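Here is a set of short exercises to work through with the structure open beside you. Try each task before reading its solution.

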Amino acid sequence: MRPKVALVLGGGGSRGIAHIGVIEVLLREQVPIDLIIGTSMGGIIGAMLALGLDAQSMSERLGHLQGNNLFGLNPFSARARQRTIHDWLASELEGVTFDDLHTPLVVTAVDMVEGREVHLDHGPLIPALLATSAVPAVFPPIEWDGMQLADGGVIDSLCTHLAFERGAERVIAVDVYPALDQQNPWSDPISAIMGLQLPFGILAANDDKPPSMIASLWRSTRVMTWHLHQARLQAHTPDVLLCPSIEGYSTLDFKDIDGPRQAGILEAERHLDTIRALCRPAPPPEEAHTG
């Protein structure tokens with residue numbers, strides 16, 4: 001009997017489009033997926049996979065966001081930006097519940113009042129996807145069962161521990177969270193998240209100017225979340241960890257769909273032999289020899 005395989009898709013906004021490339025390879029190779037764990041964009045793409053969509057269909061649907069920067073759609077209204085995402089999701093998922101999915105799916109969010117991770121696996125799908133992708137300061141929290149839920153990445157963007165808790169025997173994880181050494185340490189959140197460059201280098205640091213307070217706070221947040229991210233990966237190490245090369249993509253900048261997708265394909269291809277071996281049925285135990 002083959003092992004139960006979970007696919008864990010991490011958060012990262014537009015960088016999460018790399019998940020589609022990974023999925024394209026997994027579907028082509030007929031890699032069985034018995035459970036999907038998703039955070040933020042990983043939850044949205046995981047829902048598409050759980051519905052039975054192929055990689056091309058996923059790309060076409062995400063293509064509706066291509067050329068847009070969600071911050072630029074309305075720079076003054078977080079709710080307007082969230083409405084854009086809601087309407088985009090509703091065009092495909094109106095009325096869909098977790099029970100309608102072909103593959104079990106769990107998406108993660110964070111209760112911003114109690115400060116705890118929340119696992120969503122029942123009820124209407126759209127509110128759960130809005131909650132798991134509600135990046136603080138970009139989108140407002142989502143009301144769910146008396147809680148105020150925000151993006152699961154507030155605690156961790158790659159919840160491999162949850163896959164093991166839900167009974168997975170083999171875990172394939174796709175990590176699109178940017179490493180600390182892949183970014184300017186004193187970048188500002190506007191450019192890092194929105195993909196916008198502020199005029200005159202307002203928040204930028206250079207040899208003559210120390211980091212701004214905003215850049216310093218942003219870096220502190222990045223350091224804290226990165227160390228928790230790494231500690232969780234060490235404690236709950238996946239059997240295969242895929243890290244597509246997606247440097248240079250901002251969280252909410254959807255100007256390029258094909259670039260991250262191709263990065264996902266290349267990374268999955270690089271680990272293909274390991275993935276194939278991972279999903280093979282265990283050999284039968286040898287019969288005991290009797291004298």
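The expected span of a helix is 1.5 Å times one less than its number of residues. Keep that rule at hand for the first exercise, and keep in mind throughout that this is a predicted model.

**Exercise 1. Helix lengths**

Task: Compare the reach of helix α5 with its expected span, then do likewise for helix α9.

Solution: Start with α5, which covers residues 78-93 and so has 16 residues by the count, with an expected span of 22 Å by the rule of 1.5 Å a residue. From first C-alpha to last, α5 reaches 22 Å, close to that expectation. Next take α9, residues 213-235: its 23 residues should span 33 Å, and the end C-alpha atoms are 33 Å apart, which agrees.

Now look at what each helix hides. In α5, the buried residues are Arg 81, Gln 82, Ile 85, Trp 88, Leu 89, Ala 90 and Leu 93. In α9, the buried set includes Trp 218, Trp 226 and Leu 233, along with Arg 219, Arg 222 and Arg 232. Just past the end of α5, Gly 95 has a positive phi of about 85 degrees.

**Exercise 2. An enclosed helix**

Task: Decide whether helix α6 (residues 125-132) is largely enclosed or largely open.

Solution: List the buried residues of α6 to begin with: Leu 125, Ile 126, Ala 128, Leu 129, Leu 130, Ala 131 and Thr 132. That is seven of the eight residues in the helix, so α6 is largely enclosed by the rest of the structure.

**Exercise 3. Strands and their partners**

Task: Trace the pairing around strand β7, and work out the sense of each pair.

Solution: On one pairing, strand β1 (residues 5-9) joins β7 in the parallel sense over five bridges, with Leu 9 standing opposite Val 174. On another, β7 pairs with strand β8 (residues 240-242), also parallel, over three bridges. Here the partner of Val 174 is Leu 242. Strand β7 itself (residues 170-174) is mostly covered, with four of its five residues buried.

Task: Which sense do β3 and β4 pair in, parallel or antiparallel?

Solution: Strand β3 (residues 105-111) and strand β4 (residues 116-120) are antiparallel, with five bridges. Asp 111 stands opposite Arg 116. The two strands form a hairpin with four residues between them, and Gly 115 in the turn has a positive phi of about 70 degrees.

**Exercise 4. The nonpolar cores**

Task: Find the largest nonpolar core and the helix that gives the most to it.

Solution: The largest core has 67 residues, and among those with the most contacts inside it are Leu 7, Leu 62, Leu 89 and Ile 172. Helix α2 (residues 41-51) gives the most to this core, with seven residues. A second, separate core of 13 residues includes Ala 6, Ile 37, Val 106 and Ala 168.

Finish by following Ile 172 outward. Setting aside residues up to four places away in sequence, Ile 172 touches Val 5, Ala 6, Leu 7, Val 8, Val 31, Val 240, Leu 242, Ile 275 and Leu 278.

**Exercise 5. Unusual phi values**

Task: Explain why the phi values of Gln 30 and Ala 137 deserve a second look.

Solution: Begin with the background: most residues other than glycine have a negative phi. Gln 30, however, has a positive phi of about 55 degrees, and Ala 137 has a positive phi near 75 degrees. Then check the surroundings. Gln 30 lies in the loop between α1 (18-28) and β2 (35-39), while Ala 137 is in the loop between α6 and β5 (142-144). Exposed means over 50% relative accessible area; Gln 30 is therefore exposed at 71%, and Ala 137 is exposed at 77%.

**Exercise 6. Where to be cautious**

Task: Which stretches have pLDDT under 50, and how many contacts beyond four places in sequence does the model have there?

Solution: Take the chain as a whole to start: its mean pLDDT is 86, and 83% of its residues reach 70 or more. Then turn to residues 195-203, where pLDDT stays under 50 and the model has 19 such contacts. Over residues 287-291, pLDDT also stays under 50, but there the model has zero such contacts.

Definitions and conventions:
Residues are numbered from 1 along each chain as its sequence is written. This is a predicted model: local features need pLDDT of at least 70, side-chain atom pairs count only at pLDDT 80 or more; totals for chains, interfaces and linings use all residues. Side-chain values use heavy atoms; hydrogens and water are left out. Buried means under 20% relative accessible area, exposed over 50%, partly exposed in between (1.4 Å probe, protein chains only). Two strands pair if DSSP finds at least two bridges between them. A nonpolar core is a set of buried Ala, Val, Leu, Ile, Met, Phe, Trp, Tyr and Cys residues joined through side-chain atoms within 4.5 Å. Contact means heavy atoms within 4.5 Å. pLDDT is the predictor's confidence in each residue, from 0 to 100.
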